[in-house]
Amino acid sequence: MSHLRGLCYTPPMRLADEQLAALKRGTAAITTMEDLARKLALGRPLRVKLGLDPSAPDIHLGHTVVLRKLRQFQDLGHEVVALIGDFTGRIGDPSGKSETRRQLTEEEVEANAATYRQQIFKILDPERTKIDFNSRWLAPLNFAEVCELASKVTLARMLERDDFATRFRENRPVHLHEFFYALMQGYDSVALRADVELGGTDQTFNLMMAREIQRDYGQEPEVAVITPLLEGTDGVQKMSKSLGNYIGIDEPPATMFGKVMSIPDSMIGRYFEVLTTVPLPRVEELLAGNPRDAKAALAQTIVTDYHGDAAAQAAADEFARVFSRRELPTDMPEVLLTKSGLSSVDLVLACGMAASRGEARRLIQQGGVSLDGERLTDPIGDVALRDGAVLQVGPRRFARLRVARG
RNA sequence: GGAGAGGUACCGAAGCGGCCAAACGGGACUGACUGUAAAUCAGUUGGCGCUCGCCUUCGGAGGUUCGAAUCCUCCCCUCUCCA
């Protein structure tokens, strides 16, 4: 649709209004709305920047919120620059985590950036995405230039950043180099002459700083389009790999589906808003019904984005089979056993379902282990093993046993 | 440079000579309940020997003691105040 835009004349203001309305969905803030309206009304493609920190090579749904917004800009005909912070990545971004992040080596940054590149194109249109690296202009800066940049900002201004202020107040370390992150990010905007920059709410400070720095360097400040941080599957903390509450976009369909189903019911609406394009009135309808069905619809929509219709349908069916109807999954790993006489503890261990004998014993004692649907209760005695028998540990771990004939 | 506070298991945080494998909370796991991997409730949560036992663990290295997460020495890291 957007590629047709050049062919038909649309009055600029009206176009701007339409764009603005669409762009507002799922944002936490736009600074400022007026600036954005005005820039959109210019009728030229805007240069939209997104900074990517290459320390997290696995993109999860939390990252996609801002990527989807970027894609929306692309579809509206704007020019997108995905800026990989290969230089800043080596400094370590203090944002989000309340502790200092370790610095990455050059090799790590390179490897991560490659992964990033490959993953963001699951959402962005590769044809209309320019990828850049900020080492291009940051690496050549000499110390005098760095000081000049640093002179634009005061300590008090830096401490306005909530994260810094909090850590400072709570007597936790704040390293000087962390201050440079915001400076560098602002300088990126100067180097790119960005009209708009996207970022999560954790980037608010950096985005505001970029506006000021652009002004200091004689440029018109970019518009900051701020997306919310998506809560993870626990529904409380922001989605992050280190918290283990994330849904990765590279994960298998069944895993993705299951993880979406594990979010608290209260999060369904929010996920719909920022992770899908399902019209909001339709979302309201779904939310009025059974939460399980709404969540299943959400899960299917999301899985479809990354794995296609067929895989999403299969994942939905599989979920219904295993969790609703308590049937066996269609696929499960096979485990080849060489001995036919094993205690149940050894069996669980042999299938890799427990990290230690103690854990295996515990699982059995808690009633979490069954063989062919029969709960195993005795950790010690040998269990009769049939070729093709199914071992289940907990609600969702299965293995088919293959007993070697000798 | 000086003075003081602190570094405990996945995370937060108690403990300050034996009753400490280490309270409590979170997380995770298991069960019950749910035609949701939601919510709620209960239990489990270092390793090895099937409830007594043994081994490894409380920033690091040594030492005191029958016995140390707990006391001493040195070192590393963080914070505060002073210079």
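This is a short chat about a predicted model of chain A with RNA strand B.

Visitor: Start with the fold. How many helices and strands are there in chain A?
Guide: Chain A has 16 helices and 13 strands.

Visitor: And what does the C-alpha trace span along its principal axes?
Guide: About 80 × 50 × 40 Å.

Visitor: What share of the residues of chain A count as buried?
Guide: Of 406 residues, 46% are buried.

Visitor: On to the RNA. How many residues surround RNA strand B, and which are the closest?
Guide: There are 31 residues around RNA strand B. The closest are S262, D265, K295, R325 and R326.

Visitor: What part of the RNA atoms within 4 Å of the protein is sugar and phosphate?
Guide: Sugar and phosphate make up 70% of the atoms of RNA strand B within 4 Å of the protein.

Visitor: Which base atoms get polar partners, then?
Guide: Take K295. An N or O atom of the K295 side chain sits 2.5 Å from a base oxygen of RNA strand B. For R325, a polar side-chain atom is 3.4 Å from a base nitrogen of the strand.

Visitor: What about R357 and a phosphate oxygen?
Guide: There the protein partner is a backbone N or O atom of R357, and the distance to the phosphate oxygen of RNA strand B is 2.7 Å.

Visitor: Which elements give two or more residues to that surface?
Guide: Helix 11 (253–261), helix 14 (291–324) and helix 16 (357–365).

Visitor: How do the residues near RNA strand B divide by type?
Guide: 10 are nonpolar, 10 polar and 11 charged.

Visitor: New topic, pockets. What volume does the second largest pocket have?
Guide: About 520 Å³.

Visitor: Which residues lie nearest its centre?
Guide: A254, G258, F319, F323 and R396, out of 20 lining residues. Helix 11, helix 14 and strand 13 (397–403) each give two or more residues to the lining.

Visitor: So which elements turn up again from the RNA surface?
Guide: Helix 11 and helix 14 are listed for the RNA surface and for the lining of this pocket.

Visitor: And how do the lining residues of that pocket divide?
Guide: 11 nonpolar, 3 polar and 6 charged.

Visitor: Last one, cysteines. How many disulfides does the count come to?
Guide: The count is 0.

Visitor: C147 and C351, buried or exposed?
Guide: C351 is buried, because its relative accessible area is 12%, under the 20% cut-off. C147 has 37% relative accessibility, so C147 counts as partly exposed.

Terms used. Residues numbered from 1 in each chain as written. Chains lettered and ligands numbered in written order. Heavy atoms only, no water. Near = heavy atom within 4 Å. Polar contact = N/O pair within 3.5 Å; in protein donor to acceptor, adjacent residues only side chain to side chain. Helix = DSSP H or I, 4+ residues; strand = E, 2+ residues; numbered from the N terminus. Nonpolar A, V, L, I, M, F, W, Y, C, P; charged D, E, K, R; others polar. Disulfide = S-S within 2.5 Å. Buried < 20%, exposed > 50% of the residue type's maximum accessible area, 1.4 Å probe, protein only. 1 Å grid on protein atoms, 1.4 Å probe; cavity = no way out; pocket = protein on both sides within 12 Å on 5 of 7 lines; lining within 4 Å. Points joined across faces, edges and corners; volume = space filled by probe spheres on them.
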